[in-house]
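Let us read a structure together, feature by feature. A learner asks and a teacher answers.

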Amino acid sequence: MKSNESAENYLETILILSKKKPVVRSVDIADELGFKKSSVSVAMKNLREKNHITVTPEGYIYLTESGQKIADMIYERHEFLSSWLISLGVDPETATSDACRIEHALPLSRSISLLVNKLYALRFCIAFSYNYRSSLTAVRSNHKDLYSR
């Protein structure tokens, strides 16, 4: 699944807009990215030729299965990297900007997939451990008579 950074950005933007709006049009993408509508039209033509999007006669843009797959992967990677950088103490605006640069620099390789999966698992374990300890502390404080022996 090869695609360039520009195509990935457009596909991710279409995905994000489709979560916010009932339909996505070229003008919505242009407004979101701060690009000229003519530039977006050229990009939509290229994405349509690669079968990553379909465009209805009314101008509504939808991701195809391949486009959705790329957009989901980029969006997931972006969200993960952003939240990870924020958890390291990077301010949210910088984290989001840096995540965008990093997400396109990482090749779609098995090692990167494994790394991301391991980091997700680690994050889940840490969250579970924290929730477990918090719940146990709450139970103990509510039932001090059981734990005072």
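**Reading rings and helices**

A: Start with one residue in this predicted model. Tyr10 is buried, because its relative accessible area is 6%, under the 20% cut-off.

Q: How is a pair of aromatic rings described?

A: Two values serve: the distance of the centres and the angle of the planes. Here the count comes to one aromatic pair. Tyr10 and Phe35 form it, 6.0 Å centre to centre, with 65° between the planes. That pair is edge-to-face.

Q: Which parts of the chain does the pair link?

A: Distant ones. Tyr10 sits in helix H1, and Phe35 lies in the loop between helix H2 (26-33) and helix H3 (37-49). The two residues are 25 apart in the chain. Phe35 counts as partly exposed, at 41% relative accessibility.

Q: How are two packed helices described?

A: By the angle between their axes and the distance between the axes. Helix H1 (residues 5-20) packs with helix H4 (residues 65-87) at about 85°, the axes 8 Å apart. H1 and H4 are therefore roughly perpendicular to each other.

Q: Which residues make the contact?

A: H1 contributes Glu8, Leu11, Glu12, Leu15, Ile16 and Lys19. From H4 come Gly67, Gln68, Ile70, Ala71, Asp72, Ile74, Tyr75 and His78. By class, the contact of H1 with H4 has seven nonpolar, four charged and three polar residues.

Q: Where is Ser6, and how far is Ser6 from Ala43 in space?

A: Ser6 belongs to helix H1. At 40% relative accessibility, Ser6 is partly exposed. Ser6 and Ala43 are 8.4 Å apart, C-alpha to C-alpha, but 37 residues apart in sequence.

Note on methods: Residues numbered from 1 in each chain as written. Predicted model: local features only at pLDDT ≥ 70, side-chain atom pairs only at ≥ 80, totals over all residues. Heavy atoms only, no water. Axes fitted to C-alpha atoms, helices over the stretch in contact; angles between N-to-C directions. Helix = DSSP H or I, 4+ residues; strand = E, 2+ residues; numbered from the N terminus. Parallel < 35°, antiparallel > 145°, perpendicular 65-115°, else oblique. Contact = heavy atoms within 4.5 Å. Nonpolar A, V, L, I, M, F, W, Y, C, P; charged D, E, K, R; others polar. Buried < 20%, exposed > 50% of the residue type's maximum accessible area, 1.4 Å probe, protein only. Phe/Tyr/Trp six-rings, centres within 6.5 Å; stacked < 30°, edge-to-face > 60°.
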